[in-house]
Amino acid sequence: MTTPRPVVLIAEELAPSVLEVLGADVEIRHVDGADRSALLPALADAAAVMIRSATQIDAEALAAGPHLKVVARAGIGLDNVDVAAATERGVMVVNAPTSNIVSAAEHAVALLLAAARQIPAADATLRQGQWKRSTFMGVEVTGKTVGVVGLGRIGVLVAQRLAAFGVTLIAYDPYIQAGRAAQLGVRLVSLDELLRESDFITVHLPKTPETVGLIGAAELATTKRGVIIVNAARGGLVDEAALADALKTGQVGAAGLDVYATEPTTDSPLFGLPNTVVTPHLGASTTEAQDKAGTAVAHSVRLALQGEFVPDAVNVQAGGIVAEDVRPGLPLAEKLGRVFTAVAGGLAQSVTVDVRGKLAEFDDSVLQLAVLKGVFSDVVEEQVTYVNAPLLAEQRGLDVGLTSDVESPDYRNLVALRGAMADGAEVTVSGTLFGKNQVPKLVEVLGFDMDLDLSGYLLFFVYTDRPGVVGTVGAALGEAGINIAGAQVSRTTRGGEALMAVTVDSPVPTELLGDIAVRIGAREARAADLNPL
């Protein structure tokens, strides 16, 4: 009897090369993913579904596909995929996290040049039958200082391309070593210095609570008058209202924007200004990027249907050849990586991942990848996967080691991270899997013993032990309408240094975190997002 070929449902138009990659071992079917009445019945026999941005794969769609093994998004964003629901059903979700980085970098450079030479406005007047050559006086890029905010993969590509123009390159990125930046011909500076010195500023950061509104009215006021600003990363990193005001006064000479705080949008204070170049989020809109995205996820679909490990999976613990006993350690390791980055407040020079107990009986090398995925998830521009995490570490000069030992005196399983910072300080965080449900728990931070679930939003405060601090923190959070899920204080000696860890149900704004730190005289105040990964 012939075994039927697995059905791969293609719900949106993809590059022809996708079919070549999938090969003859699968049955290809097509459906209009935007037509819900057609999509749901088509999922009934599908082992895999391939989508772009128009198809919603939510809990209902997943329930309609009882044989689904993998959802493949030919692109980066996963707003149209319910990753948590897919993980719960054991369905792998894959995307193409690096497919558009060249296209995005080139678009940022195009916006910078178009803004510098006022190309769109000049084009528009000529098409209106007006020859206004004297009106459009641009500026050269050569010899100027370009500030790159965020030296991730796209930021690096932009810097490399602009170097050919003979510019001086400076960058702000607390998660890259100065030596690595120097190798790229870039001088690392503080954000304040970058704002003061740059003739051009191009933004390439992820969107996190810490980066939203990073460049607002106060920051724009410190820039050189006439600076040109480009944001082709994420909407909201540059405050749009403040930018519009600065463009009207001439504090900012011109701006190039591809992303906006709300998308899609046709209503922005920036759209009516003559010194802006605006595009509707076109960073990934090239033939090459779409082709790369389709072929990348097609490779992942093949691996998934063959039961092999899929390194580009967003929720890799949902499937693959990782040992069953190791899989619960993946979210633990990834969350510890996030906590490590939050506590460190910057990039370490080296990190050692120490795995002890039952987890160490198996091939635990994937836990090192999970740690790196967590370390970089909130601090780089692109999606972090098991494929690019080691490359991100190499690019940023982060040395990573792994040790294993089946002996674990205190816990059945333990994953401990030890990092050395550039100033010689050591950062440590440790976690374990608790109970029959293997719940990730935080058991140590900076040498302080802990016992907290690794879930929700985690806050850390380091301060001098004294009465009233817990009440002050609780009152401040309560005033802001933020519910505390759990809290613990650990100290070295009575009246010595103490660490308070608090888990809350909703994000804590950076301003509130700073205000609490001032109220209690904290030496350090950090936050980490530990929601389902």
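# Cavities, a pocket and charged pairs

Guide: Let's start inside: about 40 Å³ is the volume of the second largest cavity. The model is a predicted one, where local features need pLDDT of at least 70 and side-chain atom pairs count only at pLDDT 80 or more, while totals for chains, interfaces and linings use all residues. Residues are numbered from 1 along each chain as its sequence is written, and side-chain values use heavy atoms, leaving out hydrogens and water.

Visitor: What makes a space a cavity?

Guide: On a 1 Å grid over the protein atoms alone, a cavity is a set of points where a 1.4 Å probe fits but cannot get out. Grid points are joined across faces, edges and corners, and the volume is the space filled by probe spheres set on the points. The structure holds two cavities of 30 Å³ or more, and the largest has about 60 Å³ of space.

Visitor: Which residues line the second largest cavity?

Guide: Among them are Tyr-175, Phe-340, Leu-347 and Phe-376; a lining residue has an atom within 4 Å of a point. Helices α13 (329-344) and α14 (365-377) each give two or more residues to this lining. Helices here are DSSP runs of H or I with at least four residues, and strands are runs of E with at least two, numbered from the N terminus.

Visitor: How many residues of that lining are nonpolar, polar or charged?

Guide: Seven are nonpolar, two polar and none charged. Ala, Val, Leu, Ile, Met, Phe, Trp, Tyr, Cys and Pro count as nonpolar, Asp, Glu, Lys and Arg as charged, and the others, Gly among them, as polar.

Visitor: What makes the other kind of space a pocket?

Guide: A pocket is an open set of points with protein on both sides within 12 Å along at least five of seven lines. The second largest pocket has a volume of about 280 Å³. Of its 16 lining residues, Val-343, Val-427, Leu-446, Arg-523 and Glu-524 are the closest to its centre. Strand β22 (524-529) gives the most to the lining, three residues. This lining has 10 nonpolar, no polar and six charged residues.

Visitor: Why is the pair of Glu-334 and Lys-373 called a salt bridge?

Guide: A salt bridge needs a side-chain nitrogen of Lys or Arg within 4 Å of a carboxyl oxygen of Asp or Glu. The N to O distance for Glu-334 and Lys-373 is 3.1 Å, so the pair qualifies. The two sit in distant parts of the chain, Glu-334 in α13 and Lys-373 in α14, 39 residues apart. By this rule the model has 22 salt bridges.

Visitor: How do you know whether Glu-334 is buried or exposed?

Guide: Buried means under 20% relative accessible area, exposed over 50%, and partly exposed in between, with a 1.4 Å probe and protein chains only. Glu-334 has 4%, so it is buried, and Lys-373, also at 4%, counts as buried.

Visitor: What makes Asp-515 and Arg-519 a pair across one turn?

Guide: They lie four residues apart in helix α17 (residues 510-520), so about one helical turn separates them. Their side chains meet in a salt bridge at 3.1 Å, N to O. Asp-515 has 32% relative accessibility, so it is partly exposed; Arg-519, at 40%, is partly exposed too.

Visitor: Why does Glu-240 have no salt bridge?

Guide: Lys-207, its nearest side chain of opposite charge, is 7.7 Å away, so the 4 Å limit is not met. Lys and Arg count as positive and Asp and Glu as negative, while His and the chain ends are not counted. Glu-240 is buried and lies in helix α11 (residues 240-249).
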